[in-house]
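Subject: Handover of a structure and its findings

Dear colleague,

Please find below the structure that I am handing over to you. The findings follow directly after it, grouped by topic.

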Amino acid sequence: MIKKLILLLALLAIAGGIYWAVKPVGDDVALEEGYRWLYDGSLDGWRAVGGEASFAADGDAIVGRRGPGPNTFLRTEEEFTDFNLRMQFRWEEHGNSGVMFRAQQRDGDGRTYGYQFELDPSERAWSGGIYDESRRGWLASLEGNEKARQAIKLNDWNDIEIEARGATLKTWLNGEPIASLVDVFGLKGFIALQVHSGDTGVMRWRRIRIKELDPFVKVGAAFAADDWELDGSGELQVAGPEVQLSSFANGSDADLPWLAPKRRFNDAAFELDVPVCEQATLLQIRYDAGDGAGQESYAELAVTADRAEGRLLNAGEVSAAVSLSLDTGESHRLRALALGDQLVLSVNEQDVLRVPASGLDDRGQFRIRPTLCADPFTIENFRWLDVREPRDEVDFYKTLATEPAPVLSPDEALAAFRVAPGFEV
């Protein structure tokens, strides 16, 4: 009897340990199907980086308190790709804060960078907008979105939801949709709670839970030399992520060739490094020749040594154009993304053109026009990503009401068989 009692107590202790491992301390909230807790009453699996603000486990919540130095982050050791993240947040003392996702730390100084769900107690009230911390700045502000600006509660708990699904990022605040954008600067990273630098700010986070989703973005197969088309003169050499074009032109810009993969793309992203040149290197996505000269449609990025220009053409008419200055280096990192009707063109760590509704065809060419500054002109670190989102629609041919082929008996099959002259069956 005593042995049975000891065994029962041991089983209860084990069960209790498992229970607390999956349930936030002191909280009776039900965990949604497919989710798991990221905070269970201790900071195991978390660590602070950056400045000297402090974080502490306080029952069912994590508390962050202002401190000296730059922005401070409590980050997960674990990294995540595609997910839905939910939690609650409130201020005990107002100060700027946020939730980082798909974040990384830079080599060297360890600075945290990446996407951030903004928590803004100021009159601006851009909480729920997406900020690119220590990189590009605002990607989706709440300027002009009064309904979203009113979603924040300054003196109560706020429900936060973040979804990162392939190249699509979405946020909600207290059930209100706040931001939605496409981007491929970061497809995987950690989650972190931010205490911004400054003299004020005490924050609480609780009920932190995540549902991991199956990632679907794939790195496309590398192109061999035979997979490229060269519209013009020159010798092409391809070795994995490096593409070289040599002795390709010696005249005006009109003589410069266009280089393009033979296939056409719909939802895809492209990344490549090009040499810094005084003349413009051109990159185009979703290119379609239209009905002839002057009727082309595409989004274009033109890059010189110190300047980038982006423009959108529909049937030969410019519908968007942006120009910005660049820091000069030995090369520029170009990124181009097309997903549905949305387009993003970027150079280094700056967005040049972001178009939420391009009006372009859903499939087109990706192509590059190198410039004359180098022989060979070398494209390095080239890769493309298939960012097509999973769809529930059934392929049209699977819905056709086609009758199955009749099943014939051996005698019927023999009678239906036509014998060629000179042959016997």
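Which residue stands opposite S297 in β23? It is D288 that occupies this position.

Please note that the model is predicted, that local features need pLDDT of at least 70 and side-chain atom pairs pLDDT 80 or more, and that totals for chains, interfaces and linings use all residues. Residues are numbered from 1 along each chain as its sequence is written, and side-chain values use heavy atoms, with hydrogens and water left out.

Strand β23 and its partners

The terms come first. Helices (H or I, at least four residues) and strands (E, at least two) are DSSP runs, numbered from the N terminus. Two strands pair if DSSP finds at least two bridges between them. Buried means under 20% relative accessible area, exposed over 50%, and partly exposed in between, with a 1.4 Å probe and protein chains only.

Strand β23 covers residues 297-303, and 7 of the 7 are buried, so the strand is largely enclosed by the rest of the structure. Its two faces are both covered: S297, A299, L301 and V303 are buried on one side, and Y298, E300 and A302 on the other. Strand β22 (residues 281-288) runs antiparallel to β23 and is joined to it by 6 bridges. Strand β24 (residues 307-314) also pairs with β23 in the antiparallel sense, over 6 bridges. Within β24, L313 is the bridge partner of Y298. The two strands β23 and β24 form a hairpin, with 3 residues between them.

Strand β26 and its partners

Strand β26 (residues 331-339) has 8 of its 9 residues buried, and it is therefore largely enclosed by the rest of the structure. It pairs with strand β21 (residues 268-275) over 8 bridges in the antiparallel sense, and H332 in β26 is the bridge partner of V274. Strand β27 (residues 342-347) is another antiparallel partner of β26, with 6 bridges; here L339 has Q342 as its bridge partner. The hairpin of β26 and β27 has 2 residues between the strands, and G340 in this hairpin takes a positive phi near 60 degrees.

A salt bridge (a side-chain nitrogen of Lys or Arg within 4 Å of a carboxyl oxygen of Asp or Glu) is formed by the side chains of R333 and D273, at 3.3 Å from N to O. This pair links distant parts of the chain, since R333 belongs to strand β26 and D273 to strand β21, 60 residues apart. Both R333 and D273 are buried.

An open sheet

An open sheet is formed by 7 strands in the order β2-β5-β14-β7-β8-β9-β10, with antiparallel pairing. Its edge strands, each pairing on one side only, are β2 (46-50) and β10 (137-140). From one strand to the next, the twist averages 30 degrees (axes are lines fitted to C-alpha atoms, for helices over the stretch in contact, and angles run from 0 to 180 degrees between N-to-C directions). Strands β5 (residues 72-76) and β14 (residues 190-195) run antiparallel and are joined by 4 bridges, with T72 opposite V195 in β14.

The disulfide

How many disulfides does a search of the whole structure find? The search finds 1 disulfide (a pair of cysteine sulfur atoms within 2.5 Å). It joins C277 to C373, with an S to S distance of 1.7 Å. The pair links distant parts of the chain, 96 residues apart: C277 is in the loop between β21 and β22, and C373 in the loop between β29 (365-369) and β30 (377-386). C277 counts as buried at 2% relative accessibility, whereas C373 counts as partly exposed at 37%.

Charged side chains

The structure holds 31 salt bridges. One of them joins the side chains of R66 and E93 at 2.6 Å, N to O. R66 is in the loop between β4 (61-65) and β5, and E93 is in strand β6 (residues 82-93), 27 residues apart. R66 is partly exposed, with a relative accessible area of 38%, and E93 is partly exposed at 27%.

R367, in strand β29, is buried yet has no salt bridge. Its nearest side chain of opposite charge (Lys and Arg count as positive and Asp and Glu as negative; His and the chain ends are not counted) is D231, 5.1 Å away.

Yours sincerely
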